[in-house]
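Hello,

Here is the structure for you to look through. My notes follow below it.

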Amino acid sequence: MNTQTPGRVIVTGGGSGLGAAIVEAIRDAGGTPFVFDRDVSNVSGAKALEVDVSNREAVEAAVKEAAETLGGLDGVVTAAGIDRCGKLGDVPAEEWEKVIGVNLLGTVSVIRAALPYLKGSRGRAITIASTLGLRALPDATAYCASKFGVIGFSRALAAETGGVIGVTTIIPGGMKTHFFDDRDEQYKPQDDSKLNDPANVAQAVVFALSQPFGSEVRELLICPAEEGSWP
């Protein structure tokens, strides 16, 4: 297969967790990552901007700056994500809506702002969903709504932009990251050995980014062998 290097890629949430693993994998594959995150203090080996992806105006300015710095864009990976667990009536409305703002609207804002650059380079948009974008669980209404939304948005975007840019949705299962650290104990994974290494998911992202134009990996589900949230 005639694959290519990932090129110049914005990675949201690139300061930690899956995003940081994606940044490292892109760099190892010969690409040039550019990190957006609310905390970029631990980012090294890549340019970075402090950005709250739920702020559309900030996203638009940051994408413009990144594209100008890199001389264009070949891809974006929307790995920024948060969660607020609990029953719908117990999670404060502003916290519930923040999950939608980061996970879904942040994904849309970054890709919308990057679209002119991606069209110019025939680049790729990689969205990060979740197995909880395919299967709903109790006490996860915000997260499920956001990730179901990411999948729906990505499918519609792929239909809209076919032959213009590439669109891939990565659907990961649970991973060994700090994503679960601020949860109440009842919402934390009970057996860490059944979580995937984020580096494995990052390799899937690089595979999608490196496809030649005209070859599409539309959706790729990657999870540990004993994943409990899929199917």
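What is the volume of the second largest pocket? It is about 150 Å³. Some background before the rest. This is a predicted model, in which local features need pLDDT of at least 70 and side-chain atom pairs count only at pLDDT 80 or more, while totals for chains, interfaces and linings use all residues. Residues are numbered from 1 along each chain as its sequence is written, and side-chain values use heavy atoms, leaving out hydrogens and water.

**The pocket**

A pocket here is an open set of points on a 1 Å grid over the protein atoms alone, where a 1.4 Å probe fits, with protein on both sides within 12 Å along at least five of seven lines. Its volume is the space filled by probe spheres set on the points, which are joined across faces, edges and corners. Lining residues have an atom within 4 Å of a point. For the second largest pocket, they include G14, S16, E24, R27 and N42. The lining divides into four nonpolar, five polar and two charged residues. Ala, Val, Leu, Ile, Met, Phe, Trp, Tyr, Cys and Pro count as nonpolar, Asp, Glu, Lys and Arg as charged, and the others, Gly among them, as polar.

**The aromatic pair**

There is one aromatic pair (ring centres of Phe, Tyr or Trp, the last by its six-membered ring, within 6.5 Å). F34 and F36 form it. Their centres are 6.0 Å apart, with 90° between the planes. That makes the pair edge-to-face (planes over 60 degrees apart). F34 is buried (under 20% relative accessible area), at 3%. F36 is buried too, at 0%.

**Two buried residues**

S109 is found in helix 3, residues 93–121 (a DSSP run of H or I, at least four residues, numbered from the N terminus). S109 is buried, at 8% relative accessibility. Leaving aside neighbours within four places in sequence, S109 is in contact (heavy atoms within 4.5 Å) with R56 and V59.

G173 lies in the loop between strand 6, 166–172 (a DSSP run of E, at least two residues), and helix 5, 198–209. G173 is also buried, at 8%. Not counting residues up to four places away in sequence, G173 touches T131, I222, C223 and E227.

**Cysteines**

How many disulfides (pairs of cysteine sulfur atoms within 2.5 Å) are there? The count is zero. For C144, the nearest cysteine sulfur is that of C85, 9.7 Å away. C144 is buried, at 6% relative accessibility. C223 is partly exposed (from 20% to 50%), at 24%.

Best wishes

Methods: Rings of Phe, Tyr and Trp (its six-membered ring) pair if their centres lie within 6.5 Å; planes under 30 degrees apart count as stacked, over 60 as edge-to-face and the rest as tilted. Buried means under 20% relative accessible area, exposed over 50%, partly exposed in between (1.4 Å probe, protein chains only). A disulfide is a pair of cysteine sulfur atoms within 2.5 Å.
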